[in-house]
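Me: I've got a protein here and I'd like to talk it through with you. Can I show you the sequence and the structure?

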Amino acid sequence: MPRPARSGAYEEPAAALAAAAELLAVLHARGQDEVAPAVSPSQLRALLAVEGSEGVNLRALGELLGSRPPSVTRLCDRLEAMGLLIRSPHPSRRREVEVRLTPRGRALLDEQRAVRVRELSAVLGRMAPAAVDSLVAGLAAFREAAAGPTPAGSSPAGASAPPAPGVSSAPARVADSA
């Protein structure tokens with residue numbers, strides 16, 4: 001697809017995407033009260049990061065989250081007290097601690113995902129099937145562009161970063177609503 005020549009050509013689509021991201025955050029938060037124990041967004045991000053990098057050490061978890069070691073330690077303290085993750089010594093590197101989800105932590109993430117799918121399915125069910133197909137195709141192209149190399153001379157924030165923890169780079173699948 002050819003790229004527009006002017007520099008501000010993506011401002012309108014970017015604004016629409018930002019508005020959609022805000023709406024997704026609202027839909028995501030809508031069902032949070034149904035899931036127990038209640039976790040904060042930063043706690044959820046940490047659980048997703050641990051799920052994506054099972055057995056990660058605290059230093060690497062801090063890098064994934066963009067947090068400093070004391071903050072990661074406190075975050076893990078809270079999640080461990082809630083029974084959602086467990087820290088244990090690394091089997092071969094005695095000074096290193098690895099972090100893993102507990103069965104309760106996995107169940108919480110599964111429940112979170114089910115709530116999100118239910119909320120998003122309700123919205124998708126009010127859309128025309130062709131619009132859903134276009135949305136899925138557009139999101140797949142967006143993920144592909146975000147995962148690709150940054151063009152020479154530009155460096156959009158996060159463009160060269162790996163996908164966020166818990167975010168699949170595989171194309172999304174939407175069940176037929178018929």
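Me: Does glutamate 98 count as buried or exposed, and what is its relative accessibility?

Reply: Keep in mind that this is a predicted model. Glutamate 98 sits in strand 3, which covers residues 97-101. Buried means under 20% relative accessible area. Glutamate 98 therefore counts as buried, with a relative accessibility of 8%.

Me: OK, and which side chain does the side chain of glutamate 98 make a polar contact with?

Reply: Leaving out residues up to four places away in sequence, glutamate 98 touches a bunch of others, including Gly55, Ile86 and His90. For the polar contact, at 3.4 Å, the partner is the side chain of arginine 100.

Me: Now the helices: how are helix 2 and helix 4 oriented to each other?

Reply: Helix 2 spans residues 41-52 and helix 4 spans residues 69-81. Their axes lie 11 Å apart, at an angle of about 85°. Angles of 65 to 115 degrees count as roughly perpendicular. So helix 2 and helix 4 are roughly perpendicular.

Me: And which residues in helix 4 do the helix 2 residues meet?

Reply: On the helix 2 side you've got Ser42, Gln43, Ala46 and Leu47. The residues of this contact split into four nonpolar, two polar and one charged. On the helix 4 side, the ones they meet are Leu75, Arg78 and Leu79.

Me: Last one: over which residues is the pLDDT below 50?

Reply: The protein's mean pLDDT is 80, and 79% of its residues reach 70 or more. Where pLDDT is low, don't read the predicted coordinates in detail. The stretch with pLDDT below 50 is residues 155-178.

How values were computed. Residues are numbered from 1 along each chain as its sequence is written. Side-chain values use heavy atoms; hydrogens and water are left out. Axes are lines fitted to C-alpha atoms, for helices over the stretch in contact, and angles run from 0 to 180 degrees between N-to-C directions. Helices (H or I, at least four residues) and strands (E, at least two) are DSSP runs, numbered from the N terminus. Angles under 35 degrees count as roughly parallel, over 145 as roughly antiparallel, 65 to 115 as roughly perpendicular and the rest as oblique. Contact means heavy atoms within 4.5 Å. Ala, Val, Leu, Ile, Met, Phe, Trp, Tyr, Cys and Pro count as nonpolar, Asp, Glu, Lys and Arg as charged, and the others, Gly among them, as polar. Buried means under 20% relative accessible area, exposed over 50%, partly exposed in between (1.4 Å probe, protein chains only). A polar contact is a pair of N or O atoms within 3.5 Å; within protein, one must be able to donate a hydrogen and the other to accept it, and residues adjacent in sequence count only if both atoms are side-chain atoms. pLDDT is the predictor's confidence in each residue, from 0 to 100.
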